[in-house]
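User: Hi! I have a model open and would like to talk it through with you. Could you start with what counts as a core?

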Amino acid sequence: MDVSSWGSGAVDISGGHLAYHRTGGNGPQMVLLHGLTDNGLCWSRFASAFASEFDIIMLDARGHGASSRIAGHVHHDPAQDIAEAIDGLGLNLPILLGHSVGALAAAAFAARFPACVSKLILEDPPLLPLAEPSEANARNERFRKQITHLQSLTDTELAAMGRDLSPSWHEDEFPAWLLGKRQVDPLAMPHYTKPWQSIFARLPSPTLLIYGESQRGGMITSAIVTEALRINPQIEAVRIENAGHNIRRENFAGFMAAVRAFLNGRTEHAD
């Protein structure tokens with residue numbers, strides 16, 4: 001996996017900047033949005049596979065990677081950050097692909113600015129009920145303590161923990177995964193104010209929802225898929241076997257096949 005030719009930089013957004021890596025090239029633009037505690041380079045294996053066909057931009061979300069930190073306990077708007085980054089980079093109708101909280105941010109962006117995205121791909125977004133304030137505060141505190149603990153580990157200890165938790169991952173996944181844990185802001189847990197159903201009702205077509213097996217840790221159940229397709233029948237959904245929440249890391253071939261089929265207009269609705 002040769003990433004030495006990729007460019008990097010930062011784009012200004014309200015109250016700070018987002019760092020990015022970019023493969024370049026003359027193909028269609030594709031913006032990749034990572035999950036919680038990751039960074040843009042956690043898409044490196046995927047980006048390498050598609051770099052000859054697309055101009056791929058891997059953003060570091062606010063509070064992650066080399067992007068601006070979280071300003072105290074002020075809640076920021078990831079969808080607005082994406083909109084300002086796309087505008088600042090001069091992108092035109094990019095494809096958006098997000099994982100986990102990055103997928104939900106991508107969905108919120110596409111719902112708000114449907115004319116600014118050509119295709120939308122969502123990898124196991126956290127489609128959960130809104131938390132009560134006390135529950136959200138407790139969740140944020142657990143996250144802060146978790147990140148503080150992870151960042152107290154040595155690189156050797158952290159790498160060993162990652163490989164123990166995710167033995168099926170390709171070795172190429174771990175360097176960026178480890179770096180992401182070093183870089184993440186303990187205040188980076190997102191704050192949601194709108195139910196996911198209201199976002200999905202406004203998603204443009206074409207949109208693909210990729211989900212794994214809930215018994216393997218996937219956040220999307222068959223009941224959630226049924227609800228999502230009822231809310232917006234134009235959404236396409238594909239279930240990837242032998243994968244949980246980190247679908248592309250646990251079944252890279254299956255994930256790549258689903259993405260490529262969708263981009264080529266061949267994806268069918270899930271059963």
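Analyst: Happy to! A nonpolar core is a set of buried Ala, Val, Leu, Ile, Met, Phe, Trp, Tyr and Cys residues joined through side-chain atoms within 4.5 Å. Keep in mind that this is a predicted model. Its largest nonpolar core has 42 residues.

User: Which residues have the most contacts inside that core?

Analyst: Those are L59, L96, F109, L122, F200 and L203. As for where the core residues come from, helix α3 gives the most, with 9 residues.

User: And what does L59 touch?

Analyst: Leaving out residues up to four places away in sequence, L59 touches L18, A19, Y20, V31, L32, L33, H34, G40, A85 and L89. There is also another core, lying apart from the largest one, with 26 residues. Among them are M30, I56, M58 and L263.

User: Okay, let's look at β5. How many of its residues are buried?

Analyst: In β5, which spans residues 95–99, 5 of 5 residues are buried. I95, L97 and H99 point one way, while L96 and G98 point the other way.

User: Why do they split like that?

Analyst: In a regular strand the side chains alternate between the two faces of the sheet. In β5, the residues pointing either way are all buried.

User: Which strands does β5 pair with?

Analyst: Strand β3 (residues 29–33) pairs with β5 in the parallel sense, over 4 bridges. Strand β6 (residues 119–123) also runs parallel to β5, joined to it by 5 bridges. If you want residues to click on, L33 has G98 as its bridge partner in β5, and L96 stands opposite L120 in β6. Between β5 and β6 the chain crosses through helix α3 (residues 101–112), and this β-α-β crossover is right-handed.

User: Nice. Changing topic: which residues of α8 are buried?

Analyst: In α8 (residues 222–231), the buried ones are I224, V225, A228 and I231. They sit on the same side of the helix, because they cover an arc of only 130° around its axis. The face turned away from that buried side carries the exposed residues S222, A223, T226 and R230.

User: What covers the buried residues?

Analyst: The cover for the buried residues of α8 includes α7 (196–200), β7 (207–211) and β8 (236–239).

User: Now the charged pairs. How many salt bridges are there?

Analyst: The count comes to 13 salt bridges. One of them joins D55 and R22, with the closest N and O atoms 2.7 Å apart. D55 lies in strand β4 (residues 55–59) and R22 in strand β2 (residues 16–22), so this pair ties together parts that are 33 residues apart in sequence.

User: Is D55 buried or exposed?

Analyst: D55 counts as buried because its relative accessibility is 5%, and the cut-off for buried is under 20%.

User: What about D77?

Analyst: D77 forms a salt bridge with R112, and their closest N and O atoms are 3.0 Å apart. D77 is in the loop between β4 and α2 (78–88) and R112 is in helix α3, so the pair links parts that are 35 residues apart in sequence. D77 is partly exposed, with a relative accessible area of 32%, and R112 also counts as partly exposed, at 36%.

User: Any others I should click on?

Analyst: Try R239 and E241, whose side chains meet in a salt bridge at 2.7 Å, N to O. R239 is partly exposed at 36% relative accessible area, as is E241 at 42%. There is a network as well: salt bridges that share partners join D38, E173, K181 and R249.

Notes:
Residues are numbered from 1 along each chain as its sequence is written. This is a predicted model: local features need pLDDT of at least 70, side-chain atom pairs count only at pLDDT 80 or more; totals for chains, interfaces and linings use all residues. Side-chain values use heavy atoms; hydrogens and water are left out. Buried means under 20% relative accessible area, exposed over 50%, partly exposed in between (1.4 Å probe, protein chains only). Helices (H or I, at least four residues) and strands (E, at least two) are DSSP runs, numbered from the N terminus. Two strands pair if DSSP finds at least two bridges between them. A crossover is right-handed if, with the strands pointing away from the viewer, the path from the first strand over the helix to the second runs clockwise. Contact means heavy atoms within 4.5 Å. The arc is that of the directions from the helix axis to the C-beta atoms. A salt bridge is a side-chain nitrogen of Lys or Arg within 4 Å of a carboxyl oxygen of Asp or Glu.
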